[in-house]
Amino acid sequence: MTRILLAAVSATFLAVSASGASAQTKLSRNEIINSLQGAQQEVDLSADQLQKAALENIQKYPGANSPNTLPLADKLASLRQFNVEITFDFDSARIKPESYETVGLIADALHTPYLQGQTFFIVGHTDAKGAREYNLDLSLKRAMAVREALVTTFRVPGQYLFAVGLGEEQLRDPSNPDAAVNRRVQLINMGYK
């Protein structure tokens, strides 16, 4: 029952702008480009390191809710990034058809000269409802689904895209851990290879 409830709640990532100042109404390719461009050099952090840090945070601080933010949170916050709405089928990592337009806009942005040749993390997040381990796994599967769609459907070169799931380990609004604003997909520019 808990698993079903969790899946229902986390089936949708909330749309928020890169600044977080207001709810996003109409996403544009230029908005994505403007939020992501500007990285000058490669960031010394791998997707595996970030994924491992999230798992270690759960092991180090067990319990229903994460008492601490990731040690890498400050580093991630300093990078060029964008949060976007992607919706999924119930208890699944299958992207809903209505979200393919959004994925296509991301692909359009990544194909422009402003962003070509740079490396991106596709990071899945959930709210704090349900088990943290389950949220971590679900968020990784959904980030992988977004990456797969970008590579196979929209022909974005796969060597520049890395999926990471952080579950509820890096909440956007820690004071409201169950808030919808915490459910999101985040694109982070990791710079040139």
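In the predicted model, helix α2, which spans residues 29–36, and helix α5, which spans residues 100–111, approach each other so that their axes come within 8 Å and cross at roughly 55 degrees. Because an angle of this size falls in none of the ranges counted as roughly parallel, roughly antiparallel or roughly perpendicular, α2 is described as oblique to α5. The crossing in which α2 passes α5 is right-handed. On the side of α2, the contact is made by Arg-29, Ile-32 and Ile-33, while α5 contributes Leu-105, Ile-106, Asp-108 and Ala-109. When the residues of this contact are sorted by character, 5 are nonpolar and 2 are charged, and no polar residue is found in the contact of α2 with α5.

Helix α5 also packs against helix α6, which covers residues 132–153, and here the axes lie 10 Å apart at an angle of about 65 degrees. In general, two packed helices are described by the angle between their axes together with the distance between the axes. The crossing of α5 and α6 is likewise right-handed. In this pair, Tyr-100, Val-103, Ile-106, Ala-107 and Leu-110 of α5 meet Ala-149, Leu-150 and Thr-153 of α6. The residues of the contact of α5 with α6 comprise 7 that are nonpolar and 1 that is polar, with no charged residue. Ile-106 of α5 thus appears in the contact with α2 and also in the contact with α6.

Beyond the end of α6, Arg-155 is placed in the loop between α6 and β3, the latter covering residues 161–167. The phi angle of Arg-155 is near 55 degrees, which is a positive value in a residue other than glycine. Most residues other than glycine have a negative phi. Since the limit for an exposed residue is over 50% relative accessible area, Arg-155, with a relative accessible area of 64%, is exposed.

Turning to the protein as a whole, the secondary structure comes to 6 helices and 4 strands, and these elements run from the N terminus in the order α-α-α-α-β-α-β-α-β-β. Of the 193 residues in the protein, 49% are buried. The accessible surface of the protein comes to about 9,300 Å², and carbon and sulfur atoms account for 51% of this surface. Among the contacts in the protein with a separation of 6 or more, 81% are made by residues that are 24 or more positions apart.

Key: Residues are numbered from 1 along each chain as its sequence is written. This is a predicted model: local features need pLDDT of at least 70, side-chain atom pairs count only at pLDDT 80 or more; totals for chains, interfaces and linings use all residues. Side-chain values use heavy atoms; hydrogens and water are left out. Axes are lines fitted to C-alpha atoms, for helices over the stretch in contact, and angles run from 0 to 180 degrees between N-to-C directions. Helices (H or I, at least four residues) and strands (E, at least two) are DSSP runs, numbered from the N terminus. Angles under 35 degrees count as roughly parallel, over 145 as roughly antiparallel, 65 to 115 as roughly perpendicular and the rest as oblique. A crossing is left-handed if the near helix is turned anticlockwise from the far one by less than a right angle, and right-handed if clockwise. Contact means heavy atoms within 4.5 Å. Ala, Val, Leu, Ile, Met, Phe, Trp, Tyr, Cys and Pro count as nonpolar, Asp, Glu, Lys and Arg as charged, and the others, Gly among them, as polar. Buried means under 20% relative accessible area, exposed over 50%, partly exposed in between (1.4 Å probe, protein chains only). Accessible areas come from the Shrake-Rupley method with a 1.4 Å probe; for residues, only the protein chains shown count as cover.
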